[in-house]
Each structure stands twice: as structure tokens, then as C-alpha cells.
Amino acid sequence: MAEASRGLRLTDTMTRQKRDYTPLDWRDDTIADADKRVRMYVCGPTVYDFAHIGNARPVIVFDVLFRLLRHLYGAERVVYVRNITDVDDKINARAARDFPGLPLNEAIRLVTEKTADQFHADTKALGCLPPSVEPRATEYVAGHADGHDMVTMISTLIGKGNAYEAGGEVLFDVTSMPDYGGLSNRKLDEQQAGARVAVERHKRNPGDFVLWKQSNEGEPGWDSPWGRGRPGWHIECSVMSAAHLGEIFDIHGGGLDLIFPHHENEIAQSRCAHGSDRMAEIWMHNGYVQVEGRKMSKSEGNFVTIRDLLETETFGGRTWPGDVLRLAMLMTHYREPIDFSVRRLEEAETALKAWLSDTRDAAATRPSETLVAALSDDLASGAVIAELHALRRSDPAALRAGLDLLGIDLERFAGDVSRQEQFRSQVPVEEIERLVEERLALIRAKEWAAADEIRDILSQKGIQLKDGKDAQTGERITTWETRH
């Protein structure tokens, strides 16, 4: 077991315990060594809008785990599935809003293609490897060649008495699964007793959830035994994980916000359809992301997309290299909440610049045993970062290798920094003068914080401001120069 576990320890949300983990195939003597695989599924994006920094965290966390598993077991032995949800009512609404003159199905295609392409560009800029398989929900609704489709699984659940048709929908009967709620630690009788929301009349129980719903004319739909319609959200991951990883697999990951209802309902569907006692051996969830100490939301004005951070100057008055964003996310343990701030990004950038300087003449060898052991201990980021700093002087080659294992590319980072510096030196004079005048007006109005923000924005662009007084009038004046 020690050899097969490779020292890997993971925290399981289901049991609330950290434990040694040996992949399922390594426990089965009937599977030939060459055929053994580590199998991981992570819930991917719903492609109705550009991914925000909260979406970035699971992508980065589970990319690091993917890289670690490849390091421990061999790249060819790890299968990582991350889906794309391209059928959803939010997508329908966005398509109707953005392309009102087009047929809905055509508008949906434009929305999902554009958003999925941006997601792939964003995750590549963050240093993430593509998953082994990236299935799209629409490919698994009905008529899949091997029988792994949503209509088939829903039919199976109805046949086993776990689902029923009512009110134009097919619903999962949560009372048909006595231990429903184990992942979120929600007892079924407590959910029913505490229900405060009016329950639709066609539901047998307050917690019953939709597996299939009818589609109106113009809405996307597929033919089914229950009429033309479309699937509920949860059923897709049950189907796609089974299609690519089997009925029971090693690791299922996602954000903390998915524990209930999404992952809880996945477990219910999968276990009841397959007659199994579990869906995944280990459930892993990353913590929430706040922005500058507040919950991220559009109403708070702190909703930040990955694209904003990489390509615009809306956060801290500048753009940020992808490797800075990646390291900033990894500096906090994946299960802990993270406060995403300009200060955190600056701290990450300072560390990367130091590591770049210390390893310029070093070629990556192998990551240190200390770093691999720390990463294998439930992705212990604090110990990992401490080891990276320790390697700066003692073993720059191992530092390079450790950063490679974390998916941090110093050459890519250096190129991003160089492009940013070149951009900053090309700021139009008219724009500088406008900002200087705006800052002076803010100072006269005693809006000190806003004035300081403009100074910081110009500083990030390599523009140094100098305040003084007019020799004749005594009024405040500001001059500027380019910092080299």
C-alpha cells in the first residue's frame, strides 16, 4: 500500500478526514499494471459568461493535483475529466439578450462558442494543462452510442422507483434514497421539516429535484419518452463521469459552493442508477474567494473576470501576468477561504521576480523530495511555498523543477513582464496629462483616496509624479517623468 499510495494524503469532504489514499486500480489485483489508471472528475464551467476569479480557483487547484498525480503515477496513467455545461437556462437567457434578432439555437451556439473559447484562453494563460477529456453536456443528452446519455439514466431511475413524472417534469424522489444528504450533512427529515419555500404542487417532497423539463417552442430540446425537453443541471455530471471514468472513480472535485445541491444530487442519481454504495472514493472541495475582503458580486462592484485581470486595467490599475494570478491562488491552502487583493498579487509578483533572478542560469532537474512530500500532503501550500523560498539559495535547479510541478513557468512570466513594461512606456502623453489634471482636481476637492489611486495607476505604468508649487502663484502643480 505504501508504494501504491506514493505518500499521497487527501482530505475527503464525505468523511471530513484526511487519509492516505491508494487509487482504486492499485487495490485491484485483477487489473494489469499497464492498465491501471487514476481517475478524476471536476465540474467545469457553464459557458454563459466569462469565467471570474472564483471560477479560476478550482481550475488552478485541480490542475496542480493533476500535475502531482502525473508526477507520482506517470502522465499516461492519469485520466482527468472536466466537463463543459453548454445547455442551461442561463445560457438561453444570455443568448436571447445578446442576440435578440437570431433564432435561439443559433444565438446559443454563438454564446457558448465565444465563452468556451475565452475559458480555454484564460486557463491556458493561468498555466493550466488541458484535461484528458472535456465532454460537452449537449453530446450526452440522448442517443449516445454506448448508452451513456441522460435520457437513458433518467429512464433507469424511473424504472427503479427513484424518479417520477409529474407536472411536465421528471423529478428525483429524494425519499427513495434513505441516506440522501451524506456529503452536505443534511438529514432528509430536517430538510422537509425546515422547508420555508412554497413547494410546487406536483412535487412529492420539498427536496425533489428536476431531471428533465419540457421545452417550449424556440427553446433547445431533445426528444424523450416524456416529450420534447431538456435535462436538469445535475444529471449531466452523473452521466459524463460514468461514461469516461466508470461508475465508481477515484476523485471528484469542485468548489465548496457545489457540495449542495449539485454534488449531493450527483451522488443520489449515480448511486441509485448504478446500484452502488458510492460515486467517488474521495470528494475534494476548494474554499470560497473574496475580493478585497468582500464577497464578490456585481452589485458590490468587485466582480472580476480572469480576462479583466489578464487584459484590462480594472484591478489595481494594471494587467497581471497569468503566473502571478496562479501563485496568488496557491499561496493559501485550497480548502481555506482566500482574500483576493492587489496586495496578494503584488506579493506573488515579488516572489516570482526573485525566483526568476535566482534561477536564470539554472536548468530544471527534479523537484525536491521535501516539496513533493508537502504537495502530496493534501496540497499543503504553506509548506510548499516555504520550500520554494528555501531552495532559492540552496538549489536553484530544484526550485525551477518545483515551480514546473506547480505549473509556474518563469520564462512565460518574464515574457509577460517584458510586454507589460513595454506597454507602460508607450502611454500617450495626452492620457498622462488628462490623469494629472484629474488628480489635481481631486486634491482640490480633498478626495485624497481617489487622487492616490490615480497616482498609483500612473506609477504602475512607469510614470513618476512630482508635486510642487508654482513660484509665482503658490498653487500646487504636478510634473511627471518616465521612470526607467
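Visitor: Which runs count as helices and strands here, and how many helices and strands are there in the protein?
Guide: Helices are DSSP runs of H or I with at least four residues, and strands are runs of E with at least two, numbered from the N terminus. The model is a predicted one. Counted in this way, the protein has 17 helices and 15 strands.

Visitor: What share of the residues in the protein is buried?
Guide: The C-alpha atoms fill a box of roughly 90 × 60 × 40 Å along the principal axes. Among contacts with a separation of 6 or more, residues 24 or more positions apart account for 71%. Of the 484 residues, the buried share is 52%.

Visitor: In the hairpin of β1 and β2, which residue takes a positive phi?
Guide: Strand β1 (residues 9-12) and strand β2 (residues 17-20) run antiparallel and are joined by 4 bridges. One bridge pairs Asp12 with Gln17 in β2. There are 4 residues between the strands, and the one with a positive phi, near 60 degrees, is Arg16.

Visitor: Do β3 and β4 pair in the parallel or the antiparallel sense?
Guide: Strands of a sheet pair through backbone hydrogen bonds, and either sense is possible. Arg39 has Val79 in β4 as its bridge partner. Strand β3 (residues 38-42) pairs with β4 over 5 bridges, and the sense is parallel.

Visitor: How many residues of β4 are buried?
Guide: Val78, Tyr80 and Arg82 point one way from β4, and these residues are buried. Val79 and Val81 point the other way and are buried too. For strand β4 (residues 78-82), the buried count is 5 of 5.

Visitor: How far apart are the end C-alpha atoms of residues 45-55?
Guide: An unreviewed UniProt entry annotates residues 45-55 as a short sequence motif, the 'HIGH' region. In the model this span is 27% helix and 0% strand. Its end C-alpha atoms are separated by 8 Å.

Visitor: Which strands are the edge strands of the open sheet with the order β12-β11-β13?
Guide: This sheet has 3 strands and mixed pairing. Strand β11 (residues 289-291) runs parallel to β13, with 3 bridges between them, and Val291 stands opposite Phe340 in β13. An edge strand here pairs on one side only, and that holds for β12 (294-295) and β13 (338-340).

Visitor: What angle does the direction of helix α2 make with that of β11?
Guide: Helix α2 covers residues 53-73 and packs on the sheet. The strands that α2 touches are β11 and β13. Its direction and that of β11 make an angle of about 140 degrees.

Visitor: Why does Arg271 count as buried?
Guide: Arg271 belongs to helix α8 (residues 259-274). Leaving aside neighbours within four places in sequence, its contacts are Met177, Asp179, Ser276, Asp277, Arg278 and Met279. Buried means under 20% relative accessible area, and Arg271 counts as buried because its relative accessibility is 17%.

Visitor: Which residues does the cis peptide bond with omega of about 10 degrees join?
Guide: One partner, Pro261, is placed in helix α8. The ring of the other partner has the charged end of Arg186 over it, 3.8 Å from the ring centre. The cis bond joins Phe260 and Pro261.

Visitor: Over the face of which residue does Arg204 lie?
Guide: A charge sits over a ring if CZ of Arg is within 6 Å of the ring centre and within 35 degrees of the ring normal. Arg204 is at 3.9 Å from the centre of the ring in question. That ring belongs to Tyr164.

Visitor: Is Glu292 buried or partly exposed?
Guide: Glu292 lies in the loop between β11 and β12. Its phi is positive, about 50 degrees, although Glu292 is not a glycine. The relative accessible area of Glu292 is 41%, so this residue is partly exposed.

Visitor: What is the relative accessible area of Asp378?
Guide: Asp378 is placed in the loop between α12 (369-376) and α13 (381-394). It is not a glycine, yet has a positive phi of about 60 degrees. Asp378 is buried, and its relative accessible area is 1%.

Notes: Residues are numbered from 1 along each chain as its sequence is written. This is a predicted model: local features need pLDDT of at least 70, side-chain atom pairs count only at pLDDT 80 or more; totals for chains, interfaces and linings use all residues. Side-chain values use heavy atoms; hydrogens and water are left out. UniProt positions are given in the numbering used here, feature names are shortened, and annotations may be inferred rather than shown by experiment. Two strands pair if DSSP finds at least two bridges between them. Contact means heavy atoms within 4.5 Å. Axes are lines fitted to C-alpha atoms, for helices over the stretch in contact, and angles run from 0 to 180 degrees between N-to-C directions. Buried means under 20% relative accessible area, exposed over 50%, partly exposed in between (1.4 Å probe, protein chains only).
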